[in-house]
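Hi,

Here is the structure I promised to pass on. Have a look at it first, and then read on for what turned up.

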Amino acid sequence: AFIQPTDFTEEVFRFAENVRTVKLLKKPVSMKDAIEELERGMIHDTMVRFDWNQTQAAKELGLSRQGLIKKLKRYNLYRGEDS
């Protein structure tokens, strides 16, 4: 059996969000940099969740497959970075 997101309490999700927020606040970043970091993280997490299936990940993210491919290249995201 696998652990599902529903197995976690709300505190776990809040903690994860707080860690991300603190990470962003540790160094001065522009809004553009912060948005790119968020986008890169979301794309990476979604790709891992869908075992790097571009079609499924693009659908989940609300992107076209070609749009996702461009973003993967832009952020240098490749299979094998999911560790």
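Let me begin with the charged pairs: the count comes to five salt bridges. Keep in mind that this is a predicted model. As general background, side chains of opposite charge can pair when their charged atoms come close.

One of the bridges joins glutamate 36 to lysine 32, with the closest N and O atoms 3.1 Å apart. Both sit in helix H2, and because they are four residues apart there, about one helical turn separates them. The two partners differ in exposure: glutamate 36 counts as buried at 19% relative accessibility, while lysine 32 is exposed, with a relative accessible area of 54%. You'll also find Lys32 and Glu36 in a network of salt bridges that takes in Arg74.

Next, try glutamate 39 and lysine 71, whose side chains meet in a salt bridge at 2.8 Å, N to O. Glutamate 39 lies in helix H2 and lysine 71 in helix H4, so this pair ties together parts that are 32 residues apart in sequence. Glutamate 39 is partly exposed, with a relative accessible area of 23%, whereas lysine 71 is buried at 19%. Leaving out residues up to four places away in sequence, lysine 71 touches Ile43 and Leu63 as well as Glu39.

Then there is arginine 49 with glutamate 60, another salt bridge, at 3.4 Å from N to O. It links distant parts of the chain, with arginine 49 in helix H2 and glutamate 60 in helix H3, 11 residues apart. Arginine 49 is exposed, its relative accessible area being 51%, and glutamate 60 is partly exposed at 45%. If you set aside neighbours within four places in sequence, glutamate 60 is in contact with Thr46 and Phe50 in addition to Arg49. Glutamate 60 can also be placed relative to isoleucine 43: the two are 17 residues apart in sequence, and their C-alpha atoms are 9.8 Å apart.

Now for helix H4, which spans residues 65–74. Which of its residues are buried? They are Leu68, Ile69, Lys71 and Leu72. These cover an arc of only 165° around the axis, which puts them on the same side of H4. In general, an α-helix has 3.6 residues a turn, so residues three or four places apart point the same way. On the other side of H4, Lys70 and Lys73 are exposed. And what covers the buried residues of H4? The cover includes helix H2 (31–49) and helix H3 (54–61). After H4 comes asparagine 76, which has a positive phi, near 50°.

Finally, the inside. The largest nonpolar core has nine residues, namely Ile43, Met47, Trp52, Ala57, Ala58, Leu68, Leu72, Tyr75 and Leu77. Helices H2, H3 and H4 each supply at least two residues of this core. Methionine 47 is a handy place to start looking: not counting residues up to four places away in sequence, it touches Trp52, Asn53, Gln54, Ala57, Leu68 and Leu72.

If you open just two spots, try the core around methionine 47 and the salt bridge between glutamate 39 and lysine 71.

Cheers

Technical notes: Residues are numbered from 1 along each chain as its sequence is written. This is a predicted model: local features need pLDDT of at least 70, side-chain atom pairs count only at pLDDT 80 or more; totals for chains, interfaces and linings use all residues. Side-chain values use heavy atoms; hydrogens and water are left out. Buried means under 20% relative accessible area, exposed over 50%, partly exposed in between (1.4 Å probe, protein chains only). The arc is that of the directions from the helix axis to the C-beta atoms. Contact means heavy atoms within 4.5 Å. A nonpolar core is a set of buried Ala, Val, Leu, Ile, Met, Phe, Trp, Tyr and Cys residues joined through side-chain atoms within 4.5 Å. A salt bridge is a side-chain nitrogen of Lys or Arg within 4 Å of a carboxyl oxygen of Asp or Glu.
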